Amino acid sequence: MNMTDDPGAEDVAAALLVSMSLFRRRMRQVPVQEELTLPETAALSRLDRSGPTTASAMARAEQISPQSMGATLGALEARGLVDRRPDPEDGRRVVLSVTEAGRALLRDKRTARIRQIAQVLASEFSAEEQRHLMAAAPLIERLAQHL
């Protein structure tokens, strides 16, 4: 493709898929105050974003077995990061929620990750490149919301 040509939607999609896949993979590989496993981080983050829910609903949302989700949630509960309470609408069910300690741990992890990315941006990217990335961020978010 010539640099003066406008890229087609498929060209943009291919470039984004490659770059975002690499970014996601590197974020998983580069440690940051790793106190949680990947499944624990995913479960705690989902509870924080989505609010109180049942273990079975979380297992469906994360596309894992209820047994795996139960083990993950049990580990989080044992560390005081998740709280279990009877469902007010159906006492046979249990509703899980993030504790304040769980929220604090997520905040600390996000802050550390933001600092890690900011350090690379400051040392490896020009001010103009940083402005381009800032302009692209809401577009990437909008793309994700419509998939």
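These are my notebook entries on helix packing, salt bridges and a few single residues in a predicted model.

**Entry 1: H3 against H4**

I began with the general point that two packed helices are described by the angle between their axes and the distance between the axes. I looked up helix H3, residues 55–62, and helix H4, residues 66–78. Their axes come within 9 Å and cross at roughly 115°. Angles from 65 to 115 degrees count as roughly perpendicular, so I wrote down H3 and H4 as roughly perpendicular to each other. I noted the crossing of H3 and H4 as right-handed.

Which residues of H3 and H4 make the contact? From H3 I listed Ala 55, Met 58, Ala 59 and Glu 62. From H4 I listed Pro 66, Met 69 and Leu 73. Sorted by class, the contact of H3 with H4 has six nonpolar residues, no polar ones and one charged.

**Entry 2: H2 against H3**

I then turned to H2 and H3, whose axes come within 11 Å and cross at roughly 110°. That angle makes H2 roughly perpendicular to H3. The crossing of H2 and H3 is right-handed.

On the H2 side I found Ala 42, Ala 43, Arg 46 and Leu 47, which meet Met 58, Ala 61 and Glu 62 in H3. I divided the residues of the contact of H2 with H3 into five nonpolar, no polar and two charged. I marked Met 58 and Glu 62 in my list for H2 and H3, having already written both down for the contact of H3 with H4.

**Entry 3: H2 against H5**

How far apart are the axes of H2 and helix H5? I noted 10 Å, with a packing angle of about 110°; H5 covers residues 100–124. That makes H2 roughly perpendicular to H5.

The H2 residues in the contact are Thr 41, Leu 44, Ser 45 and Asp 48. The H5 residues are Gly 102, Arg 103, Leu 106, Lys 109 and Arg 110. I counted the classes in the contact of H2 with H5 as two nonpolar, three polar and four charged.

**Entry 4: Salt bridges**

I reminded myself that side chains of opposite charge can pair when their charged atoms come close. How many salt bridges does the structure hold? I recorded nine, and looked at some of them one by one.

I took Glu 40 and Arg 79, which form a salt bridge with their closest N and O atoms 3.4 Å apart. The pair links distant parts of the chain, 39 residues apart. Glu 40 is in helix H2, residues 38–50, and Arg 79 is in the loop between H4 and strand S1. Is Glu 40 buried or exposed? Its relative accessible area is 8%, and buried means under 20%, so I put Glu 40 down as buried. Arg 79, at 39% relative accessibility, counts as partly exposed.

I went on to Glu 62 and Arg 46, whose side chains meet in a salt bridge at 2.5 Å, N to O. This pair also links distant parts of the chain, with Glu 62 in helix H3, Arg 46 in helix H2, and their positions 16 residues apart. Glu 62 is partly exposed, with a relative accessible area of 25%. Arg 46 counts as partly exposed too, at 22%. I checked back and found Arg 46 and Glu 62 in the contact list for H2 and H3.

I also looked up Asp 83 and Arg 85, whose side chains meet in a salt bridge at 2.8 Å, N to O. Asp 83 counts as partly exposed at 23% relative accessibility, while Arg 85 counts as exposed at 53%. Besides these pairs, I noted that salt bridges sharing partners join Asp 48, Arg 103 and Arg 110 into one network. I had met these three names in the contact of H2 with H5.

**Entry 5: Gln 63 and Ala 9**

I noted that most residues other than glycine have a negative phi. Phi of Gln 63 is near 60°, a positive value in a residue other than glycine. I located Gln 63 in the loop between H3 and H4. Gln 63 is exposed, with a relative accessible area of 73%.

I finished with Ala 9, found in helix H1, residues 9–29. Ala 9 counts as exposed at 69% relative accessibility. Where does Ala 9 lie relative to Thr 99? I wrote down 43 Å in space, C-alpha to C-alpha, and 90 residues apart in sequence.

Note on methods. Residues are numbered from 1 along each chain as its sequence is written. This is a predicted model: local features need pLDDT of at least 70, side-chain atom pairs count only at pLDDT 80 or more; totals for chains, interfaces and linings use all residues. Side-chain values use heavy atoms; hydrogens and water are left out. Axes are lines fitted to C-alpha atoms, for helices over the stretch in contact, and angles run from 0 to 180 degrees between N-to-C directions. Helices (H or I, at least four residues) and strands (E, at least two) are DSSP runs, numbered from the N terminus. Angles under 35 degrees count as roughly parallel, over 145 as roughly antiparallel, 65 to 115 as roughly perpendicular and the rest as oblique. A crossing is left-handed if the near helix is turned anticlockwise from the far one by less than a right angle, and right-handed if clockwise. Contact means heavy atoms within 4.5 Å. Ala, Val, Leu, Ile, Met, Phe, Trp, Tyr, Cys and Pro count as nonpolar, Asp, Glu, Lys and Arg as charged, and the others, Gly among them, as polar. A salt bridge is a side-chain nitrogen of Lys or Arg within 4 Å of a carboxyl oxygen of Asp or Glu. Buried means under 20% relative accessible area, exposed over 50%, partly exposed in between (1.4 Å probe, protein chains only).
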